[in-house]
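Trainee: Could you walk me through one part of this model in close detail? I would like to begin from a single residue and work outwards.

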Amino acid sequence: MTENGAQLFARLETRPCLKDIEPKLFPEDGGPNHGEVVELYGTEGTGKTEILYHLLCRCVLPAATGGLEVDVVFVDTDYSLDMLRLVSILESRLNTACSSSSADSDEAALRLCLSRLLVVHCSSSSQLVLTLHFLETSLSSRPGLALLLIDSISAFYWLDRCEGGASAIRQEEKLRKCAELLGRLLSDYRITVFTTCHAIKKVYNGPSSCSVYDRPYLCRPWQRLVTHRLLCSRQETANNMAATAVGSEEQSRRQVFTVHCTSSCSRTKAYRSSSFCVTDGGVKFI
């Protein structure tokens, strides 16, 4: 059975908008709209993947527990997806919302949440290109699929540079193809994309020596896709007044992470900074 243009448009119009996926991360005018890309940028160990887990759980959880009940694709390029950690966060949030439920109902609710998740592993940029190419089949058949997570988009950067030799065009060829395919999916299927990107931290020596984050280093076609940029960093809780007020020794050792959001999807740029810590139940904003 085929469908005409009007039927296709009506079906795609039902794809959920994730503008309110996490208000504490984005400026007052809201988070990403249909067809927008959010890049979580930071060095290793700054909480980027934990934020992805937080957003993933928010999407797959039922509405009764504060979730959005939408389908999610998680593309794991770093092979760092910890399913035990993800299940632990889901169980914690389900238990918090439904404290009087039985073990059977808890298991059923967890299975329902996981049924909304599709995980794909990629070990090369060529596999990532193929994954994005064939993702169109899932998007066309599942109107409830609204979120694409990629951890991380920069996983194969150095491998591609080595394979490309001295030619900058060949070095960026596969990532450019990924950006092209992703741009088409964003336009045709109006999904929302969150992806992590490793930042290079460089120390400049001089009278006022300090560490700074380099400018974005991925190819220009990718940079043009990004509408929201979340710069993730880490600090000690002992230096944070909100955390030290709690008083316990364990909490005083807990890391506090800072996220600085820059949104450039409107005519004027918008900013917001927020802080969070990572608990057994996932990300907790402070």
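Trainee: What does E69 count as, going by its relative accessibility?

Mentor: Happy to. This is a predicted model, so local features need pLDDT of at least 70 and side-chain atom pairs count only at pLDDT 80 or more, while totals for chains, interfaces and linings use all residues. Residues are numbered from 1 along each chain as its sequence is written, and side-chain values use heavy atoms, leaving out hydrogens and water.

E69 counts as partly exposed, at 40% relative accessibility (buried is under 20% relative accessible area, exposed over 50%, partly exposed in between, with a 1.4 Å probe and protein chains only). You will find E69 in the loop that runs between α2 and β2 (71-76) (helices are DSSP runs of H or I with at least four residues, strands runs of E with at least two, numbered from the N terminus). Its backbone deserves a second look: E69 is not a glycine, yet its phi is positive, about 55°. Most residues other than glycine have a negative phi, and most peptide bonds are trans.

R190 also has a positive phi without being glycine, with a value near 55°. The loop between α7 and β5 holds R190, and with a relative accessible area of 27% R190 is partly exposed. Another backbone feature sits at the peptide bond from D151 to S152, which is cis with omega near 5°. S152 belongs to the loop between β4 (145-151) and α6.

For a contrast in exposure, turn to A199 in the loop between β5 and β6 (201-204). A199 is buried, its relative accessible area being 2%. The C-alpha atoms of A199 and T43 are 4.8 Å apart, although 156 residues separate A199 and T43 along the chain.

Now step back from R190 to helix α7, residues 168-189, which packs with helix α5, residues 125-141, at an angle of about 10° and with 9 Å between their axes (lines fitted to C-alpha atoms over the stretch in contact, with angles from 0 to 180 degrees between N-to-C directions). That makes α5 roughly parallel to α7 (under 35 degrees; over 145 is roughly antiparallel, 65 to 115 roughly perpendicular and the rest oblique). On the α5 side, the contact (heavy atoms within 4.5 Å) includes L128, V129, L132, L135 and E136; on the α7 side, it includes K174, C178, L181, L182 and Y189. By class, this contact has 10 nonpolar, four polar and four charged residues (Ala, Val, Leu, Ile, Met, Phe, Trp, Tyr, Cys and Pro are nonpolar, Asp, Glu, Lys and Arg charged, and the others, Gly among them, polar).

Helix α7 also gives the most to the lining of the largest cavity, with four residues (on a 1 Å grid over the protein atoms alone, a cavity is a set of points where a 1.4 Å probe fits but cannot get out, and lining residues have an atom within 4 Å of a point). Lining this cavity are L132, I150, I153, L175, C178, A179, L182 and W222. By class, the lining has eight nonpolar residues, with no polar and no charged ones. L132, C178 and L182 appear in this lining, and they also take part in the contact between α5 and α7.

As a backdrop to these details, the protein has 10 helices and 11 strands. Of its 286 residues, 45% count as buried. Among contacts between residues at least 6 apart in sequence, 70% join residues at least 24 apart.

Notes:
1 Å grid on protein atoms, 1.4 Å probe; cavity = no way out; pocket = protein on both sides within 12 Å on 5 of 7 lines; lining within 4 Å.
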